[in-house]
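Colleague: Hey, I'm new to this one. Can you walk me through it?
Modeller: Sure, let me pull it up.

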Amino acid sequence: MAKHTHEPADELIRVGISLPGELLGAFDDIIARQGYTNRSEAIRDLIRERLVTEEWSKPSAKANVAGTLSIVYDHHQRDLVGKLIDIQHDHEGLIVSTLHVHLDHDNCLEVLVLRGAASRIESLTNALRSQRGVKHATLSMTSTGKGLR
Ligand code: NI
């Protein structure tokens with residue numbers, strides 16, 4: 001992530017922001033429910049979330065990101081297991097780890113931990129999701145943490 005030179009990187013900066021009372025009240029309710037005891041930490045997390053979204057949406061999509069992909073599929077679907085394995089091998093270097101759970105007689109849950117270019121992760125996700133017999137696929141987009149403080 002690009003370094004911003006206009007603020008000292010390691011210092012905590014105090015900023016004052018103006019908000020409508022109703023908006024702040026709604027925010028405080030949410031963060032209290034989520035267990036935050038510190039409004040500043042909740043706002044920092046919100047900003048980090050936005051930065052991760054930006055990392056993932058860069059036009060070049062060259063940024064190195066991390067994520068987890070969960071897929072649920074019916075392993076009885078003809079040729080599906082072989083196809084899923086082929087697709088994963090086609091995306092060599094991207095998959096850090098996988099976890100397989102036999103949910104019931106028909107359904108498997110697979111969780112893939114991914115790290116690499118956002119565009120490649122999205123391509124892998126789409127390839128797996130679009131297979132017949134894959135019932136659900138959800139990608140959790142996170143960060144390697146390098147661009148965040
Ligand atoms: Ni299974």
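Colleague: Which residues of α4 are buried?
Modeller: Keep in mind this is a predicted model. In α4, the buried ones are Ala118, Ile121, Leu124, Thr125 and Leu128.

Colleague: And where do they sit around the helix axis?
Modeller: Looking down the axis of α4, the buried residues fall within an arc of 125 degrees, so they line one face of the helix.

Colleague: What do they pack against?
Modeller: Two helices, α2 (39-57) and α3 (80-90), plus the strands β1 (64-74), β2 (95-102), β3 (107-117) and β4 (134-143).

Colleague: What span should α4 have?
Modeller: It has twelve residues, 118-129, and at 1.5 Å a residue they should span 16 Å. The end C-alpha atoms are 16 Å apart, which agrees.

Colleague: Switching topic: what coordinates the nickel ion?
Modeller: His100 through NE2, His102 through ND1 and Cys108 through SG, at 2.0 to 2.3 Å. Along the chain, those donors follow the spacing H-x1-H-x5-C.

Colleague: How exposed are the two histidines?
Modeller: His100 counts as partly exposed because its relative accessibility is 34%. His102 has a relative accessible area of 63%, so that one is exposed.

Colleague: OK, and Ser143, buried or exposed?
Modeller: Buried, at 13% relative accessibility. Ser143 sits in strand β4.

Colleague: What is Ser143 in contact with?
Modeller: Setting aside neighbours within four places in sequence, Ser143 touches Val52, Glu55, Ala66 and Leu148. Closer along the chain, a polar atom of the Ser143 side chain lies 2.7 Å from the backbone nitrogen of Gly145.

Key: Residues are numbered from 1 along each chain as its sequence is written. This is a predicted model: local features need pLDDT of at least 70, side-chain atom pairs count only at pLDDT 80 or more; totals for chains, interfaces and linings use all residues. Side-chain values use heavy atoms; hydrogens and water are left out. Helices (H or I, at least four residues) and strands (E, at least two) are DSSP runs, numbered from the N terminus. The expected span of a helix is 1.5 Å times one less than its number of residues. Buried means under 20% relative accessible area, exposed over 50%, partly exposed in between (1.4 Å probe, protein chains only). The arc is that of the directions from the helix axis to the C-beta atoms. Contact means heavy atoms within 4.5 Å. Donors are N, O and S atoms within 2.8 Å of the metal (3.2 Å for Na, K and Ca); water is not among the atoms, so sites may look incomplete. A polar contact is a pair of N or O atoms within 3.5 Å; within protein, one must be able to donate a hydrogen and the other to accept it, and residues adjacent in sequence count only if both atoms are side-chain atoms.
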